[in-house]
Amino acid sequence: MSPASQQWLAGLAGAGFAAARRADLSAALAVVDPDAALPDDPVEQVTTLVRALTRDEASPAQFGLGRQLLWCGPDGGSGLACSCDPSTGRPGVTGSYLAGASGAQLLTAGGEDLAGLIDTQPWGPQLQDAVRTAEAALDWPVSVEFVVEHGRAHIIRSTRAALHGAALLHTVATRYEHGRLTPAQAVSLVEPLDVAKARTASVRPRGLPVAARGLGVSPGIATGTVVFSAAAAVTAKANGEQPVLVLTESRPEDLPGLLAATAIVTERGGQTSHAAVVARGLGLPAVAALVDGVLDGDAKGLRTTRGDTLQAGDRVTVDGSAGLIHRGGHARRPAGRQTAAELPGWLDEALSALPAQTGLTVRVNADTGADAAAGRALGATGVGLCRLEHMFLGERHQMLQRVLMARPGPDMTEDLATVHALLRADITDVLGAMDGLPVTIRLLDPPAPRVPPRRDRTRPDRGGDRRAGRQGPARCHAPPARAQPHAGRARCADGCPAAHADGRTDPGTGGSHPRVAPRGP
């Protein structure tokens, strides 16, 4: 190592590390040639060590000279093999191979399916033996990089294969059931997301061009036709289609469309966005935060950075695990809402074999009796949050709107009685599922942007403030509606904070409402 190289390495990793590496090189040279001195020039260092290691008197037991192929000619190629199917975990050599190319070209251009070549090529049996040997040494499925030269396979590197979902669960289960993993080891290898992925579709689309990429926020794969509104999704579902709902971002009022969709795509959002949370709850594939796609202003198409556009009615395949939207795809059975999650038998057994942990308990978020029962079956010690507003999603949403917007009278009384009966039944189901365990219920406090229907609040002022002799911000003159239990601020019949005609506002309700036309004469 030259002084310049040693100084660079010292600045990067520390003076002690640089000095230790130079000492290693000097020691290696001293073993084969005690009288030789390590040169300062890096090129001379390499040539000196190579000459020393290739001498007849050099001890092969201590040092050896290896050769690693990085390029090959037309009679060779590069490949990447795995000792199992990366989607399912089943044993068998899989991977890809590209003739006359380097490893970098294989990664960028792809190659032929290795499963169809390994039994027909002269280097196939040699590669199979090398893969089996590497897996036995690591006691885990392996990923093997190799090159072929003159009909022989040369192994460049063997590493543990990175497995997820069903492949990981199959691998861990096989080793646990054969006694090669303890319960603690088996549980430590599995993440909750792997269990969720294993319960969804895992067959990757092959040969389908990628239209857009984003963040996979809900696992699974589904194929359907593109729609750009919740209403269009509901209509498509009613016509027997499988709609893929594409939105800039979802809102609670889009729930009917989300329920009708077979997959969800949002231009914005993330793992905790509204669309992501709803999709995971429904068991639907979802992709958010698109990195190379944008909806046009009228939501008539999804433009990509490649210059093409996805139009309404186009067929796409959504991979919620990889975060990809593919063009085309074959008809698939639409993903349905997940039922109560069931752990694989071996994993449940391994968890039961672990010693009981104290000091940490888990409660489930549940808005229905079925969700509460599923959480308790998986070990929840109660309900951490039961949200009453979630009990009014879907078809019940309009009922809640009528109650909050109604004037006092027989209709309001009837609607309140219906709401009372529904809430009583739903809460009873949740409490019954928990059977004495604690349940935390968030009382109804509907935020204004979510519950009242959207309305045009930019209408021109028809009257203004006549007392001031000028056009000014109008106040709502509708009589205040009776405040509902747990409904938060008092509101007028139009849903805005209660305000009196003389300009006074009820405490905590805010002031005037600009741009809302007066209702009185």
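Okay, let me start right in the middle of things, with Leu423. If you skip its neighbours within four places in sequence, Leu423 is in contact with Leu388, Met391 and Phe392. Keep in mind that this is a predicted model, so everything I show you is computed from that.

Why start there? Leu423 is one of the residues with the most contacts inside the largest nonpolar core, which has 20 residues. The others on that list are Ala372, Val383, Leu388, Met391, Phe392 and Val419. So who supplies this core? Strand S18, residues 383-387, and helices H14 and H15 each put in at least two residues. H15 gives the most, with six residues. As a general backdrop, nonpolar side chains tend to be buried together in soluble globular proteins.

Now, H14. That's the helix at residues 397-405, and seven of its nine residues are buried, so it is largely enclosed by the rest of the structure. Which ones are buried? Reading along the helix, they are His397, Met399, Leu400, Gln401, Val403, Leu404 and Met405. And what do they pack against? Helix H15, at 410-434.

Let's look at that pair properly. When two helices pack, the usual description is the angle between their axes and the distance between the axes. Here, the axes of H14 and H15 come within 9 Å and cross at roughly 135°. An angle has to be over 145 degrees to count as roughly antiparallel, so H14 and H15 are oblique to each other. The crossing of H14 and H15 is left-handed.

Down at the residue level, the H14 side of the contact is Met399, Arg402 and Val403. They meet Met412, Asp415, Leu416, Thr418, Val419 and Leu422 in H15. By class, that contact of H14 with H15 has six nonpolar, one polar and two charged residues. You'll notice Val419 again: it sits in this contact, and it's also on the list of residues with the most contacts inside the core.

Zooming out for a second. The chain has 521 residues, and buried ones make up 37% of them. There are 15 helices and 19 strands in the chain. Take the contacts between residues at least 6 apart in sequence: 53% of those join residues at least 24 apart.

Last bit: some loop residues I'd like you to click on. First up is Asp139, in the loop between helix H5 (124-138) and strand S4 (142-149). Asp139 isn't a glycine, yet it has a positive phi of about 50°. Is Asp139 buried or exposed? Somewhere in between, actually: Asp139 is partly exposed, with a relative accessible area of 33%.

Then there's His150, in the loop between S4 and strand S5 (152-160). Phi of His150 is near 55°, again a positive value in a residue other than glycine. His150 counts as exposed because its relative accessible area is 63%, and the cut-off for exposed is over 50%.

And finally Thr272, in the loop between strand S10 (263-266) and helix H11 (274-282). Thr272 is exposed too, with a relative accessible area of 73%. How far apart are Thr272 and Val217? In sequence, 55 residues; in space, 8.4 Å, going C-alpha to C-alpha.

That's what I've got, so over to you.

Key
Residues are numbered from 1 along each chain as its sequence is written. This is a predicted model: local features need pLDDT of at least 70, side-chain atom pairs count only at pLDDT 80 or more; totals for chains, interfaces and linings use all residues. Side-chain values use heavy atoms; hydrogens and water are left out. Buried means under 20% relative accessible area, exposed over 50%, partly exposed in between (1.4 Å probe, protein chains only). Helices (H or I, at least four residues) and strands (E, at least two) are DSSP runs, numbered from the N terminus. Contact means heavy atoms within 4.5 Å. A nonpolar core is a set of buried Ala, Val, Leu, Ile, Met, Phe, Trp, Tyr and Cys residues joined through side-chain atoms within 4.5 Å. Axes are lines fitted to C-alpha atoms, for helices over the stretch in contact, and angles run from 0 to 180 degrees between N-to-C directions. Angles under 35 degrees count as roughly parallel, over 145 as roughly antiparallel, 65 to 115 as roughly perpendicular and the rest as oblique. A crossing is left-handed if the near helix is turned anticlockwise from the far one by less than a right angle, and right-handed if clockwise. Ala, Val, Leu, Ile, Met, Phe, Trp, Tyr, Cys and Pro count as nonpolar, Asp, Glu, Lys and Arg as charged, and the others, Gly among them, as polar.
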